[in-house]
Amino acid sequence: MKKQFDNFEEVEKTLIQGSANTVSSLRCPSCGSPLVVTYTEFSDKRCLSIKCKKLCYRSNIDGLKEEPPWVRSLGNRFETN
Ligand SMILES: [Zn+2]
């Protein structure tokens, strides 16, 4: 169980800092389904919302210091492969 939790942390860490290539291949650590990732930015707040396509996992990350590197090429919302 702990390992799975670590994997979720790893996915979140990757989404904050990863390149477009890296994040495109991420999968739900629990069921292996693609993830739907949305980046939102308003005034000074930046957040990520992550959702497993089978809805077994959802997460919101607030307070990002900067725009994640992949937003430039993938846009504000993408689904992993
Ligand atoms: Zn899942």
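In the predicted model, the largest nonpolar core consists of nine residues: Val11, Leu15, Val23, Cys28, Leu35, Val37, Ile50, Cys52 and Trp70. At least two residues of this core come from each of three elements, namely α1 (2–17), β1 (35–42) and β2 (45–52). Among the core members is Cys28, whose contacts beyond its neighbours within four places in sequence are Ser33, Leu35, Cys52, Cys56 and Tyr57. Of these partners, Leu35 and Cys52 also belong to the core. Buried residues amount to 15% of the 81 residues in the protein chain.

The protein chain contains three helices and four strands, arranged along the sequence in the pattern α-α-β-β-β-α-β. The radius of gyration of the protein chain is 12 Å, close to the 12 Å given by the globule rule for 81 residues, so the chain is as compact as a globular protein of that length. The C-alpha trace spans about 35 × 20 × 20 Å along its principal axes. Among contacts in the protein chain with a separation of 6 or more, 51% are between residues 24 or more positions apart.

The strand pairings are described next, beginning with β1. Strands β1 and β2 pair in the antiparallel sense over eight bridges, and within this pairing threonine 40 lies opposite cysteine 47 of β2. The two strands form a hairpin with two residues between them. In the turn of this hairpin, serine 43 has a positive phi of about 40°. Strand β1 also pairs with β4 (residues 77–79), again in the antiparallel sense, over three bridges. In this second pairing, valine 36 stands opposite glutamate 79 in β4.

Strand β2 likewise has a further partner, β3 (residues 58–61), with which it pairs in the antiparallel sense over four bridges. Leucine 48 has isoleucine 61 of β3 as its bridge partner. A hairpin is formed by β2 and β3 as well, with five residues between the strands. Leucine 55, in the turn of that hairpin, has a positive phi of about 65°.

The strands can also be related to the core. In a regular strand the side chains alternate between the two faces of the sheet. Leu35 and Val37 are both core residues and fall within β1 (35–42), while valine 36 is the residue set opposite glutamate 79 in β4. Strand β2 (45–52) includes the core residues Ile50 and Cys52.

How values were computed
Residues numbered from 1 in each chain as written. Predicted model: local features only at pLDDT ≥ 70, side-chain atom pairs only at ≥ 80, totals over all residues. Rg over C-alpha atoms; globule rule 2.2 N^0.38 Å. Buried ≥ 20, exposed ≤ 12 C-beta atoms within 10 Å, placed from the backbone. Contact = placed C-beta atoms within 7 Å. Core = buried A, V, L, I, M, F, W, Y, C linked by C-beta atoms within 7 Å. Pairing = 2+ DSSP bridges.
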